[in-house]
Amino acid sequence: MNSEFTIAVHSLVYLAFLPERMAPSEAIADNVSTNPARIRKVMSCLKRGGYVDTREGAGGGYRLTLDPAIVNLADIYRLMAQGSVIPSWCSGNPEMDCVVGSNMREVMDGIFCRAEKQLENYFGGITISDVLGQIKECEEC
């Protein structure tokens, strides 16, 4: 899992928390605990995906364009991190004479693909509003 997914979810939840205002990258970065350049990179991807809008100049920044109750984490995962569960390297070699070594890559690819599908299904049941609600519950504790 890459950190851009976490940054994207955090940023969208923060924007959902501020529905009447725009938030500049510096404010989002401060809330996420990262640097504004990294936020701008993630927000650029979210803008291309239609999740945020921007306005430049004084009072500008980013604003959530969709209802946080319909944006689920699977959508954000597919945009920001799809394929990140699957490792970039897998053991084995299809050219080996050994049945284990020659088939390990194919079998593990299938396992990781199924795991990623289950992760996406799980994330599909969680919206930005749900995450914000959980955060508000923490505040009440």
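Four aromatic pairs turn up in this predicted model. In one of them, the rings of Phe5 and Tyr77 sit with their centres 5.8 Å apart and their planes at 80°, so this pair is edge-to-face. The pair ties together distant parts of the chain, with Phe5 in helix 1 and Tyr77 in helix 4, 72 residues apart. Both Phe5 and Tyr77 are buried. Tyr122 and Phe123 make another aromatic pair, this one tilted, at 6.1 Å centre to centre and 40° between the planes. Here the two partners part ways: Tyr122 is exposed, with a relative accessible area of 55%, while Phe123 is buried, at 10%. Put together, Phe5, Tyr77, Tyr122 and Phe123 form one aromatic cluster.

Phe5 also shows up in the largest nonpolar core, where Phe5, Ile28, Leu46 and Ile76 are the residues with the most contacts inside it. This core has 35 residues, and at least two of them come from each of helix 1 (3–17), helix 2 (25–32), helix 3 (36–48), strand 2 (61–64), helix 4 (73–80) and helix 6 (128–140). Helix 1 gives the largest share, 9 residues.

Next comes helix 2, the home of Ile28. Its buried residues are Ser25, Ile28, Ala29 and Val32. Seen down the axis of helix 2, these buried residues fall within an arc of 100°, so they line one face of the helix. That fits the usual helix geometry: with 3.6 residues a turn, residues three or four places apart point the same way. Helix 1, helix 3 and strand 2 are among the elements that cover the buried residues of helix 2. As for Ile28 itself, its contacts beyond the neighbours within four places in sequence are Ser11, Tyr14, Leu15, Ala23, Ile39, Met43 and Tyr62. Just after helix 2 comes Ser33, which has a positive phi, near 70°.

Zooming out, the protein chain has 6 helices and 2 strands, arranged along the sequence as α-α-α-β-β-α-α-α. Its radius of gyration is 19 Å, whereas a compact globule of 141 residues would come in near 14 Å. The C-alpha atoms fill a box of roughly 65 × 35 × 25 Å along the principal axes. Of the 141 residues, 35% are buried. Contacts between residues at least 6 apart in sequence often reach far, with 66% of them joining residues at least 24 apart. On the outside, the protein chain exposes about 8,600 Å², and carbon and sulfur atoms supply 53% of that area.

Conventions:
Residues are numbered from 1 along each chain as its sequence is written. This is a predicted model: local features need pLDDT of at least 70, side-chain atom pairs count only at pLDDT 80 or more; totals for chains, interfaces and linings use all residues. Side-chain values use heavy atoms; hydrogens and water are left out. A nonpolar core is a set of buried Ala, Val, Leu, Ile, Met, Phe, Trp, Tyr and Cys residues joined through side-chain atoms within 4.5 Å. Buried means under 20% relative accessible area, exposed over 50%, partly exposed in between (1.4 Å probe, protein chains only). Helices (H or I, at least four residues) and strands (E, at least two) are DSSP runs, numbered from the N terminus. Contact means heavy atoms within 4.5 Å. The arc is that of the directions from the helix axis to the C-beta atoms. The radius of gyration is taken over C-alpha atoms; the globule rule is 2.2 Å times the number of residues to the power 0.38. Accessible areas come from the Shrake-Rupley method with a 1.4 Å probe; for residues, only the protein chains shown count as cover. Rings of Phe, Tyr and Trp (its six-membered ring) pair if their centres lie within 6.5 Å; planes under 30 degrees apart count as stacked, over 60 as edge-to-face and the rest as tilted.
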